[in-house]
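Please walk me through this structure, beginning with its aromatic side chains and then stepping back to the fold and the surface of the chain.

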Amino acid sequence: MYAERLAFIRCRSGSDGGGAELEDGSTLSDSLFYLCRAKDEAGGLWSFNNHRVEIEWCKFIQCIAGGTGGAARIR
């Protein structure tokens, strides 16, 4: 997946990744995460991959998680 110029505003998750989850081989560019929340990990962006994921020029503003990674959690 390749995506650019996306806005994730006030997104919420009952578990991980309030705004988005990236899969293997994905690229996310020039995007905004604003006031995104997750109950567990990664208020804005969650990614658990075995291969390459690219995140370029993204902004995370006031994203919150109940656990690890208020803005993002990438492993």
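Rings of Phe, Tyr and Trp, with the six-membered ring standing for Trp, are taken to pair if their centres lie within 6.5 Å, and a pair counts as stacked if the planes are under 30 degrees apart. In this model, which is predicted, a search of the whole structure by that criterion finds two aromatic pairs. One of them is formed by F8 and F33, whose ring centres are 4.6 Å apart with 10° between the planes, so that the pair is stacked under the cut-off of 30 degrees. Distant parts of the chain are linked by this pair, since F8 belongs to strand β2, residues 7-9, and F33 to strand β6, residues 32-34, with the two positions 25 residues apart in sequence numbering.

How buried or exposed are these two residues? F8 has a relative accessible area of 15% and is therefore buried, because buried means under 20%, and F33, at 0% relative accessibility, counts as buried by that cut-off too.

F33 also takes part in a stacked aromatic pair with F60, at 4.7 Å from centre to centre and with 10° between the planes. Here again distant parts of the chain are linked, with F33 in strand β6 and F60 in strand β10, residues 59-61, the two being 27 residues apart. F60 has a relative accessibility of 28%, and because this value falls between the limits of 20% and 50%, the residue counts as partly exposed. Taken together, F8, F33 and F60 form one aromatic cluster.

The strands that carry these rings belong to a chain with zero helices and twelve strands, so the pattern read along the sequence is simply β-β-β-β-β-β-β-β-β-β-β-β. Contacts within the chain reach far along the sequence: among those between residues at least 6 apart, 79% join residues at least 24 apart.

What does the radius of gyration say about the overall form of the chain? For 75 residues a compact globule would have a radius of gyration near 11 Å, and because the protein chain has 11 Å, its value agrees with that expectation. Along its principal axes the C-alpha trace spans about 25 × 25 × 15 Å, and buried residues make up 39% of the 75 residues.

Turning to the surface, the accessible area of the protein chain comes to about 4,600 Å², of which 46% belongs to carbon and sulfur atoms. The chain has 9 positive and 10 negative charges, and the mean positions of these two sets are 9 Å apart.

Notes
Residues numbered from 1 in each chain as written. Predicted model: local features only at pLDDT ≥ 70, side-chain atom pairs only at ≥ 80, totals over all residues. Heavy atoms only, no water. Helix = DSSP H or I, 4+ residues; strand = E, 2+ residues; numbered from the N terminus. Rg over C-alpha atoms; globule rule 2.2 N^0.38 Å. Buried < 20%, exposed > 50% of the residue type's maximum accessible area, 1.4 Å probe, protein only. Contact = heavy atoms within 4.5 Å. Areas by Shrake-Rupley, 256 points an atom, 1.4 Å probe, with all protein chains shown as cover. Lys, Arg positive; Asp, Glu negative; His and termini not counted. Charge placed at Lys NZ, Arg CZ, Asp CG, Glu CD. Phe/Tyr/Trp six-rings, centres within 6.5 Å; stacked < 30°, edge-to-face > 60°.
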